[in-house]
Amino acid sequence: MRQFLRNLKMTTALLVLFVAVLLVALFIQQKRSTEELSVAAGENKYALQQIYSRAGSISSSDGVVLAHSDEGERAYAENSELARACLHLVGDYTHRLPNSVESIYMQELLGSSRSFLEQLNLDIRGQGFEGNDLVLTVNADLMLKASRLLKDYRGSVVLLNYETGDLLALVNSPTVSPQDVINWENITEGTLFNRALYGRYYPGSTIKMLTTAAFLEDPDQDMDMQVVCLGSEEIVPAGAKETLTPEGHGTVELREAFRESCNAFFGKLAIALGREDFTNKAEDFGFNKDLNLDHFKIAQSLLDLQEPGQGALSWAGVGQPIGQDRITISPMHLAAIAGAIANDGVMMKPRVLLQEIDPLGSVRYTREAEDYFVCCQPGTAADLEELMLEVVDSGTGRRASRAGLKIAGKTGTAEMANEDGEIVVNSLFSGYLISDSHPLAVAVILEGENRDAATVAADMLQYAVSVDIP
Ligand SMILES: [Zn+2]
């Protein structure tokens, strides 16, 4: 009898304890959802500061802390140059940058994405209030290098691992420190804009990678097609002409036309392909599709050819839309396209989150490489690679040539209106390094600048081969 009573007492005590733990857990979860609601209702920065006071950390793949909470304060990278370089990607707790790791991964950072049992387990161990830590795919040294290369420009650098899809660097200029964003000081025009993901640029001659892919895969086309380039003379009425080479390229075939970026050839080529084939190939490469970088949405790249006539089509073929035509691309997508060509025609799903780790050190998520789009046939990718190697070796991309490195790429310049409606020339480069240890694809877009993108891209690749990547 006594034994029975003792057992009953014990069972009752355990039950009471269990119910108490459940109640505490419920309370915590309710409190969490109230906090989230208050954020959704647009609470001020002090409320957000409170909410982020025990949020998890954000680090680079090489272990540098990019954001963390300490004694109730949210702080960003200790190295102020790195903090500025990471602003657009990491963001800040006040969510002034609506698309950043701090805002998009808020649930994970606060731990509110956990299941009931996960939360209960952490509560029992006294870690229930701590958020989860995030490890990004980006490398701190590469972020710093990219920001230094961009110091004197407005624009973006994006560096990817084309075999895994890992984002290794993504930097925009101009930028500002996260503390300035929190204090709302020193914010000048354009500093908060994540050009790399949301910029909509004319691709200029970088589109010739796609016109060429469409050409190579079209059995109706004559691979020996020749075009006489008359320079500043339009190839058809109101059609494409040379802006950088007024004297013209003479009679050219694909190889020379690609190396010298001949507008006459690619304008004629677009007319030969027609709007449908050209658009279909661009869509294989991700145009007119919703693109994502994990939870980030990327600006959709557009290839929408509505302007009638051969003239407009020829301009579209060189990436310079006229009239009602719309052709735009983001630096992120431009890097992914180069990566797809490097990776035998397969674009890998871009990744920015390497791992999510709970407060007990358990890894809740690890990214895995995954195919995104089959952009072109492997043979087409191989032919494009040869053409792109020649661009850097002896063509318009010679500035990207570096001793000992096999760099393939395509240059572009495009005239477009800036935020003030003025016409500016942008310089673009999309390319990659042929390397087993460093399968790197890069895109650089510089605003109001007509040639330096190739130099910046190659400097980035040259530096990156000295850095270990995950
Ligand atoms: Zn030409």
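Modeller: Before we start, one cut-off: a residue is called buried when its relative accessible area is under 20%. Keep in mind, too, that this is a predicted model.

Colleague: Fine. What makes V252 count as buried?

Modeller: The relative accessibility of V252 is 2%, and the cut-off is under 20%, so V252 counts as buried. You'll find V252 in strand β8, residues 250-252.

Colleague: Which residues does V252 touch, leaving aside those up to four places away in sequence?

Modeller: M225, Q226, V227, A257, C262 and F265. A contact here needs heavy atoms within 4.5 Å. One of those partners, C262, is also a zinc ligand, through its SG.

Colleague: Zinc, good. What coordinates the ion?

Modeller: C229 (SG), E242 (OE), H249 (ND1) and C262 (SG), at 2.0 to 2.3 Å. A donor has to lie within 2.8 Å of the metal, and these do, at 2.0 to 2.3 Å. Along the chain the spacing reads C-x12-E-x6-H-x12-C. As for exposure, E242 and H249 are both buried.

Colleague: Why is the arrangement called tetrahedral?

Modeller: Look at the angles. Four donors qualify if all angles lie between 85 and 135 degrees. Around this zinc ion the four donor atoms subtend 102 to 115°, so the arrangement is tetrahedral.

Colleague: Let's go to the sheet. In what order do the five strands of the open sheet run?

Modeller: The order is β6-β5-β19-β18-β17, with antiparallel pairing.

Colleague: And what makes β6 and β17 the edge strands?

Modeller: β6 (167-173) and β17 (407-417) each pair on one side only. From one strand to the next, the twist averages 10°.

Colleague: How do you know that β17 and β18 pair?

Modeller: Count the bridges. Pairing takes at least two bridges, and β17 and β18 (residues 423-433) have eleven, in the antiparallel sense. One bridge partner of A417 to look for in β18 is I423.

Colleague: Which helix lies across β5, β6, β18 and β19?

Modeller: That's α15, residues 331-342, running at about 145° to β19 (440-447).

Colleague: How do you know that β14 and β15 pair?

Modeller: By the same test: at least two bridges are needed, and β14 (residues 353-357) and β15 (residues 363-366) pair over three, antiparallel again. Q355 stands opposite T366 in β15. The two strands form a hairpin with five residues between them, and G361 in the turn has a positive phi of about 90°.

Notes. Residues are numbered from 1 along each chain as its sequence is written. This is a predicted model: local features need pLDDT of at least 70, side-chain atom pairs count only at pLDDT 80 or more; totals for chains, interfaces and linings use all residues. Side-chain values use heavy atoms; hydrogens and water are left out. Helices (H or I, at least four residues) and strands (E, at least two) are DSSP runs, numbered from the N terminus. Axes are lines fitted to C-alpha atoms, for helices over the stretch in contact, and angles run from 0 to 180 degrees between N-to-C directions. Donors are N, O and S atoms within 2.8 Å of the metal (3.2 Å for Na, K and Ca); water is not among the atoms, so sites may look incomplete. Four donors count as tetrahedral if all angles lie between 85 and 135 degrees; four count as square planar and six as octahedral if opposite donors are over 155 degrees apart and all others between 65 and 115; anything else is irregular. Buried means under 20% relative accessible area, exposed over 50%, partly exposed in between (1.4 Å probe, protein chains only).
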